[in-house]
Amino acid sequence: ALTRFFQRDSTQANNLTLYPHKEKEFWLWLNSWAIFLQRPSDLGFDDTGYDLPELKVIVHEVESDYDKAGFEKDGQGLLFKNISLGVSQASGEKRDSLPARTAKMSEILRNDPGNSYILWHDLEDERRAIQEALPEAVSIYGSQDLEEREQTILDFSHGKLPILATKPSLSGSGCNFQYYCADAIYVGLNFQFRDFIQSVHRIHRYGQAKPVTIHIVHTD
C-alpha cells in the first residue's frame with residue numbers, strides 16, 4: 001500500500017505524501033476494508049446520550065508586573081517581559097504571577113458557591129498556593145501514597161468532595177469526573193496541548209448532563 005499510493009521523501013524517513021492521481025483509488029481501496037463511525041446513528045441506532053454538552057471557555061487575564069521585565073545585556077531596560085525567550089523566563093513569569101492567579105481563582109469560586117470544581121495546575125508551588133488560599137480543597141500530588149490518591153479520585157468522581165486540585169500529568173487521562181463536576185479552573189498551564197485537551201475531556205465527555213465551563217487564568 002505504501003509503494004502503491006504514496007510518494008516517499010528522500011530527505012526524511014516515513015514522510016509519505018499521497019500521489020494526487022492515486023487519491024480516488026486510495027479511498028476506494030480503504031473503503032473496501034475500513035469504516036469510520038462517529039455516532040450510533042451511523043449504524044441506524046439512537047444518538048441519545050451521545051451528544052456532548054455545550055463547552056464554554058472563559059479566559060481571565062491578570063496583570064503582569066512590568067517592573068520585573070528585566071534588562072538587556074547592555075543594561076537597556078525592557079518595556080515588557082519576554083517570556084518567549086525560554087523556559088526560565090516563562091517559569092519566572094509563573095512564579096511572579098502566582099498570587100494574582102490564585103486570587104482570580106478564589107474570586108471565581110466565591111462567585112459560584114457550592115459548585116464542584118477541578119483546579120488544574122502545573123507546578124508544586126501552584127498546588128501549595130491553591131491549598132493556602134483554599135484549605136477546603138483536596139489535593140493530589142506525586143509523593144502521596146498511591147492508595148490515598150486513588151481514593152481521592154474515587155471520592156471526587158462520586159461527588160463526595162466538592163473541590164479537587166490536581167495536575168493533568170496525574171489525573172488528566174482516564175478519569176471520569178463528568179457525573180458530579182462540570183466546571184474547571186486552570187490556575188496554571190504547561191506547554192503540552194495534549195495535557196490540556198485531555199484534562200478538559202475529564203468533564204466534557206459522554207454522560208455529562210450540564211454545560212461545561214472551562215476557566216483559564218493567565219497573565220497578559
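Select strand β8, residues 212-219. Seven of its eight residues are buried, so β8 is largely enclosed by the rest of the structure. Buried means under 20% relative accessible area, exposed over 50%, and partly exposed in between, with a 1.4 Å probe and protein chains only. Strands here are DSSP runs of E, at least two residues; helices are runs of H or I, at least four; both are numbered from the N terminus.

This is a predicted model: local features need pLDDT of at least 70, side-chain atom pairs need pLDDT 80 or more, and totals for chains, interfaces and linings use all residues. Residues count from 1 along each chain as its sequence is written, and side-chain values use heavy atoms, without hydrogens or water.

Next, add strand β3, residues 55-62. β3 and β8 pair in the parallel sense over eight bridges. Pairing requires at least two DSSP bridges between the strands. Click Lys56: Thr213 in β8 stands opposite.

Now add strand β7, residues 183-186. β7 also runs parallel to β8, paired over four bridges. Which residue of β8 stands opposite Ile185? Select His215 to see that partner. While the strands are on screen, keep one rule in mind: in a regular strand, side chains alternate between the two faces of the sheet.

Zoom out to the whole chain. Seven helices and eight strands make up its list of elements. Of the 220 residues, 37% count as buried. The C-alpha atoms fill a box of roughly 60 × 55 × 35 Å along the principal axes. Contacts (heavy atoms within 4.5 Å) come last: among those between residues at least 6 apart in sequence, 65% join residues at least 24 apart.
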